[in-house]
Amino acid sequence: MKDPRRIEPTPTGAPSANGDRAPGGADGAKSAPSHHSRLHERARPDDDPAAAAARRARKLVLQRVRDSLPIAASRDRLIAEIRARETLIVVGETGSGKTTQLPQYAHEAGLAGGLAVACTQPRRV
């Protein structure tokens, strides 16, 4: 029997744990989640337009890489689980984004309350 608390990675286009589709679904459409609003950058008074455009381009590339990680499909479910529990153990494939993305998700969701977010990695559980 499947553990209902377990978050399974979803292949591209398959429904995730929260019912959303992973990026690149069958129709090829990809809608930007609300967390992408942070990509809108404030203008810097001493900035020239070329530097600002280059910074925006780098941020867009970085966001595309983040969205392509396997963990991205479970972002909303993970945030909900973090909110609901004092401790959460996440197990996933190497390179899925556990270490790099989970702390960022927690910070972006306001779960840190202005404090730092840490990620520990024991070798054996």
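**Exercise 1.** Which residues in α2 meet which residues in α3? Work from the predicted model, then classify the crossing and the contact.

*Solution.*
Step 1. On the α2 side, the contact is made by R75, L78, I79 and I82. Their partners in α3 are L102, Y105 and E108.
Step 2. Sorted by type, the residues of this contact of α2 with α3 are five nonpolar, no polar and two charged.
Step 3. Helix α2 spans residues 75–84 and helix α3 residues 98–108; their axes come within 10 Å and cross at roughly 70°. Because angles of 65 to 115 degrees count as roughly perpendicular, α2 is roughly perpendicular to α3.
Step 4. R75, R77, L78, I79 and E81 are the buried residues of α2. The cover over these buried residues includes α3.

**Exercise 2.** Determine whether Q101 is buried or exposed, and list its surroundings.

*Solution.*
Step 1. Q101 lies in helix α3.
Step 2. Its relative accessible area is 4%. Buried means under 20%, so Q101 is buried.
Step 3. Leaving out residues up to four places away in sequence, Q101 touches R66, L69 and I71.
Step 4. The side chains of Q101 and T100 are joined by a polar contact of 3.1 Å.

**Exercise 3.** Locate D48, assign its exposure class and find the backbone atom that its side chain reaches.

*Solution.*
Step 1. D48 sits in the segment before α1 (49–68).
Step 2. The relative accessibility of D48 is 40%. The partly exposed class lies between 20% and 50%, so D48 counts as partly exposed.
Step 3. The D48 side chain reaches the backbone nitrogen of A50 at 3.1 Å.

Notes
Residues are numbered from 1 along each chain as its sequence is written. This is a predicted model: local features need pLDDT of at least 70, side-chain atom pairs count only at pLDDT 80 or more; totals for chains, interfaces and linings use all residues. Side-chain values use heavy atoms; hydrogens and water are left out. Axes are lines fitted to C-alpha atoms, for helices over the stretch in contact, and angles run from 0 to 180 degrees between N-to-C directions. Helices (H or I, at least four residues) and strands (E, at least two) are DSSP runs, numbered from the N terminus. Angles under 35 degrees count as roughly parallel, over 145 as roughly antiparallel, 65 to 115 as roughly perpendicular and the rest as oblique. Contact means heavy atoms within 4.5 Å. Ala, Val, Leu, Ile, Met, Phe, Trp, Tyr, Cys and Pro count as nonpolar, Asp, Glu, Lys and Arg as charged, and the others, Gly among them, as polar. Buried means under 20% relative accessible area, exposed over 50%, partly exposed in between (1.4 Å probe, protein chains only). A polar contact is a pair of N or O atoms within 3.5 Å; within protein, one must be able to donate a hydrogen and the other to accept it, and residues adjacent in sequence count only if both atoms are side-chain atoms.
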